[in-house]
Amino acid sequence: DSVINSALQESSKLFSCEGCSLALFDEKTNDLVFYAMSGSSKTKPFRIKADPGIAGHCFQSGESIRANDVQSDRRFFANVDRNSGFITKSLLCTPV
């Protein structure tokens with residue numbers, strides 16, 4: 001976990017962003033499990049279904065996505081912001 005946390009912190013610095021997160025796919029529940037986060041956007045680990053949102057679209061399509069204004073992107077899943085209180089402005093999502 002320390003290697004993952006270090007990688008997320010360095011990614012935050014590299015992209016000059018407020019935070020980074022890593023999600024894994026849970027085949028049993030069809031969820032993306034966001035379990036590692038860094039930066040001011042860091043929350044408790046959480047789960048979302050693997051199909052909604054930009055992360056779900058990225059996972060399903062295998063494509064990287066850059067969304068400069070997530071609030072106007074129809075794929076954006078705002079429940080995470082509502083639950084965390086963080087306001088996401090832009091997002092870069094890529095499968096690894």
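What pattern does the protein follow when read along the sequence? Colour the cartoon by secondary structure and trace the chain from its start: the pattern is α-β-β-β-α-β-α-β. Keep in mind that you are looking at a predicted model. In total, the secondary structure comes to three helices and five strands.

**The whole chain**

Zoom out for a moment. The protein is as compact as a globular protein of its length, because its radius of gyration of 13 Å is close to the 12 Å that the globule rule gives for 96 residues. If you draw a box along the principal axes, the C-alpha atoms fill roughly 30 × 30 × 25 Å.

Now switch on the surface. Its accessible area comes to about 6,600 Å², and carbon and sulfur atoms own 52% of that. Buried residues, for their part, make up 29% of the 96 residues. If you like contact maps, pull one up here: of the contacts with a separation of 6 or more, 31% join residues 24 or more positions apart.

Next, select the charged side chains. You should get 11 positive and 11 negative ones, and the centres of the two sets lie 4 Å apart.

**The cysteines**

Select the cysteines and show them as sticks. How many disulfides does the structure hold? Zero. Start with Cys 20, which is in no disulfide; the nearest cysteine sulfur belongs to Cys 17 and is 3.9 Å away. A disulfide needs the two sulfur atoms within 2.5 Å. Cys 20 is buried, too, with a relative accessible area of 15%.

Then jump to Cys 93. Which cysteine has the sulfur closest to that of Cys 93? Pick Cys 58: the two sulfurs are 3.6 Å apart, too far for a bond. Is Cys 93 buried or exposed? Buried, with a relative accessible area of 14%.

**The last loop stop: Thr 88**

Finish at Thr 88. Find helix H3 (79-84) and strand E5 (91-93), and look in the loop between them; that is where Thr 88 sits. Although this is a loop position, Thr 88 is buried, because its relative accessible area is 12%, and the cut-off for buried is under 20%.

What is Thr 88 in contact with, leaving aside its neighbours within four places in sequence? Show the side chains of Val 70, Gln 71, Phe 76 and Asp 81, and you have the set. One of these partners, Asp 81, carries a number that falls within the 79-84 range of helix H3.

Terms used:
Residues numbered from 1 in each chain as written. Predicted model: local features only at pLDDT ≥ 70, side-chain atom pairs only at ≥ 80, totals over all residues. Heavy atoms only, no water. Helix = DSSP H or I, 4+ residues; strand = E, 2+ residues; numbered from the N terminus. Rg over C-alpha atoms; globule rule 2.2 N^0.38 Å. Buried < 20%, exposed > 50% of the residue type's maximum accessible area, 1.4 Å probe, protein only. Contact = heavy atoms within 4.5 Å. Areas by Shrake-Rupley, 256 points an atom, 1.4 Å probe, with all protein chains shown as cover. Lys, Arg positive; Asp, Glu negative; His and termini not counted. Charge placed at Lys NZ, Arg CZ, Asp CG, Glu CD.
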